[in-house]
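The report below is meant to be read beside the sequence and the coordinates. Its topics are the overall make-up of the chain, helix packing, aromatic pairs and backbone geometry.

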Amino acid sequence: MASGQGVGRTTGWRSIGRRVRRLSPRRLVTLRTPPARHERALAAVEAVEAAEPWLPTAQEPVAMVAGDRIIARSDLPEWARTMLPSPWRHLWDPQDPGLEPITATSGAQVIVRAKYDLSDGVKLRAAYEDPHVIVGVLPHAPFGSCGVTRTVRAHAVVGRFAPDLIPPLVTFGEVGPAGRYVVERWVDGRPLMTPSRLADALPQVIDGLTHVHDGYGISEMRLSRWAPRLAKDWATLADSGLVPADLHRQVTALIDRDAALRASWTHGDPVASNVIRAVDGGIVLVDWENARHAPVMVDAAKLHVFAAHPDATLEQVLRGLGGRTSGRPGYSPAEELALAHARTLAGHPRRVARLVGHAREARELDQAARRVERLAATLAA
């Protein structure tokens with residue numbers, strides 16, 4: 001991928017030696033993260049700092065702590081704690097026995113690895129106090145499926161039609177084996193984090209997405225083009241027991257129609273942790289790595305699953321993102337939403353297989369059950 005403005009060359013992957021201390025078996029269980037993952041995260045961030053000389057670096061080793069998915073300064077400032085995963089965000093204590101003291105030469109205040117940091121490459125976000133920016137590092141991927149490519153494209157689209165909905169872009173680039181990176185301005189505010197807060201913010205989120213759709217335009221996309229393996233995966237799901245037989249038959253009939261869905265520019269993952277309530281009261285969506293031209297109800301499905309009050313949420317997303325559909329030969333808004341739920345459910349067996357033994361395996365199972373409930377409610381609407 002071509003570098004963005006002001007991106008310099010790097011000297012490649014830099015070894016950080018024995019920066020993360022050997023852990024006792026008891027502490028390793030507490031951390032649930034091999035030290036090698038912390039080493040990779042620090043190396044990736046330092047590689048970005050070498051590529052972008054204006055980013056601060058530590059002139060000498062500084063005290064940090066590492067645990068779970070976190071690498072942070074011992075004196076982590078209050079503003080940066082909004083980066084931390086729950087429950088650390090509200091109970092931050094650098095002396096917690098689940099955190100291991102380390103030293104590093106990064107200038108970042110905090111580095112947080114992604115929930116699904118499972119590939120050979122590292123996936124993380126790092127925050128810097130001065131300048132007030134956030135760096136996202138993502139593994140290499142083919143053009144079109146790369147999270148940094150998608151994020152930069154999202155800035156071009158959303159920055160034009162709904163600039164307040166996305167953080168300002170600073171630069172982007174590539175750092176060899178460490179992956180690709182994007183730098184954005186820090187948004188002063190707090191992530192919503194809870195289903196009830198996401199439900200409260202639904203009108204603003206839907207309004208922002210609608211502005212993007214109105215500016216970018218809405219086209220039609222045939223189901224088989226958007227989800228070419230859906231028919232096969234959905235048929236395979238019949239034997240899993242996850243989806244009741246009558247519900248499975250209803251969705252099968254929708255898939256067999258292979259009609260048109262409305263498509264526009266989508267965020268892809270508008271969950272509560274990716275929605276920031278800015279200090280001025282506005283709503284900003286972050287983490288646009290899944291953004292793309294896709295059926296508009298992809299975002300509605302995420303909101304329907306993760307916002308509180310599912311009945312009211314269903315009504316709001318159908319009304320707000322349903323658009324003007326009279327006379328269209330394609331799917332109705334409710335059918336579009338049902339198919340968005342179905343596509344995610346169809347990929348459930350692959351995700352579970354990938355997450356065996358991972359801390360988020362149980363959450364994937366819970367979310368699948370919840371999505372089945374939302375799918376049934378959608379088709380009954």
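What follows moves from the whole chain to individual contacts and then to single residues.

**Overall make-up**

The model is predicted, and local features are described only where pLDDT is at least 70. The protein has twelve helices and 14 strands, and of its 381 residues 53% count as buried. Among contacts between residues at least 6 apart in sequence, 75% join residues at least 24 apart.

**Helix H8 and its two partners**

Helix H8, residues 297-306, packs against helix H9, residues 310-321, with the two axes coming within 9 Å and crossing at roughly 165°. Angles over 145 degrees count as roughly antiparallel, and H8 and H9 are therefore roughly antiparallel to each other. The crossing in which H8 passes H9 is right-handed. On the H8 side the contact is made by Met297, Ala300, Leu303 and His304, while H9 contributes Pro310, Thr313, Leu314, Val317, Leu318 and Leu321. By residue class, this contact of H8 with H9 holds eight nonpolar and two polar residues and no charged ones.

H8 also packs against helix H12, residues 361-380, at an angle of about 110° and with the axes 9 Å apart, which makes H8 roughly perpendicular to H12. The crossing of H8 and H12 is right-handed. Here Ala301, His304, Val305 and Phe306 of H8 meet Gln367, Arg370, Arg371, Arg374 and Thr378 of H12, and the residues of this contact divide into three nonpolar, three polar and three charged. His304 is thus named in the contact of H8 with H9 and again in the contact of H8 with H12.

**Aromatic pairs**

The structure holds three aromatic pairs, and two of them are described here. Trp79 and Trp186 form an edge-to-face pair, with 4.8 Å from centre to centre and 80° between the planes. Trp79 lies in the loop between strand E2 (70-73) and strand E3 (100-106), and Trp186 lies in the loop between strand E8 (180-185) and strand E9 (189-191), so the pair ties together parts that are 107 residues apart in sequence. Both Trp79 and Trp186 are buried.

The rings of Trp88 and Trp92 have their centres 6.4 Å apart and their planes at 65°, so this pair too is edge-to-face. Residues under 20% relative accessible area count as buried; Trp88, at 11% relative accessibility, therefore counts as buried, as does Trp92 at 10%.

Glu78 lies in the loop between E2 and E3, and with a relative accessible area of 47% Glu78 is partly exposed. The C-alpha atoms of Glu78 and Trp92 are separated by 9.6 Å, the two residues being 14 apart along the chain.

**A buried residue of helix H3**

Thr151 has its place in helix H3, residues 147-161, and is buried, with a relative accessible area of 5%. Is the setting of Thr151 local or does it involve other parts of the chain, that is, which residues is Thr151 in contact with once its neighbours within four places in sequence are left aside? The contacts of Thr151 are then with Val182, Glu184, Trp288 and Glu289.

**Backbone geometry**

Most residues other than glycine have a negative phi, and most peptide bonds are trans. Against that background, the peptide bond from Asp130 to Pro131 is cis, with omega near 5°, and Pro131 is found in the loop between strand E5 (124-128) and strand E6 (133-138). Two residues with a positive phi, neither of them a glycine, are set out in the table.

| Residue | Phi | Loop | Relative accessible area |
|---|---|---|---|
| Met193 | near 70° | between E9 and helix H4 (195-216) | 27%, partly exposed |
| His309 | about 55° | between H8 and H9 | 51%, exposed |

His309 returns the account to the helices treated above, since the loop in which His309 lies is the one between H8 and H9, two helices whose axes cross at roughly 165°.

Methods: Residues are numbered from 1 along each chain as its sequence is written. This is a predicted model: local features need pLDDT of at least 70, side-chain atom pairs count only at pLDDT 80 or more; totals for chains, interfaces and linings use all residues. Side-chain values use heavy atoms; hydrogens and water are left out. Axes are lines fitted to C-alpha atoms, for helices over the stretch in contact, and angles run from 0 to 180 degrees between N-to-C directions. Helices (H or I, at least four residues) and strands (E, at least two) are DSSP runs, numbered from the N terminus. Angles under 35 degrees count as roughly parallel, over 145 as roughly antiparallel, 65 to 115 as roughly perpendicular and the rest as oblique. A crossing is left-handed if the near helix is turned anticlockwise from the far one by less than a right angle, and right-handed if clockwise. Contact means heavy atoms within 4.5 Å. Ala, Val, Leu, Ile, Met, Phe, Trp, Tyr, Cys and Pro count as nonpolar, Asp, Glu, Lys and Arg as charged, and the others, Gly among them, as polar. Rings of Phe, Tyr and Trp (its six-membered ring) pair if their centres lie within 6.5 Å; planes under 30 degrees apart count as stacked, over 60 as edge-to-face and the rest as tilted. Buried means under 20% relative accessible area, exposed over 50%, partly exposed in between (1.4 Å probe, protein chains only).
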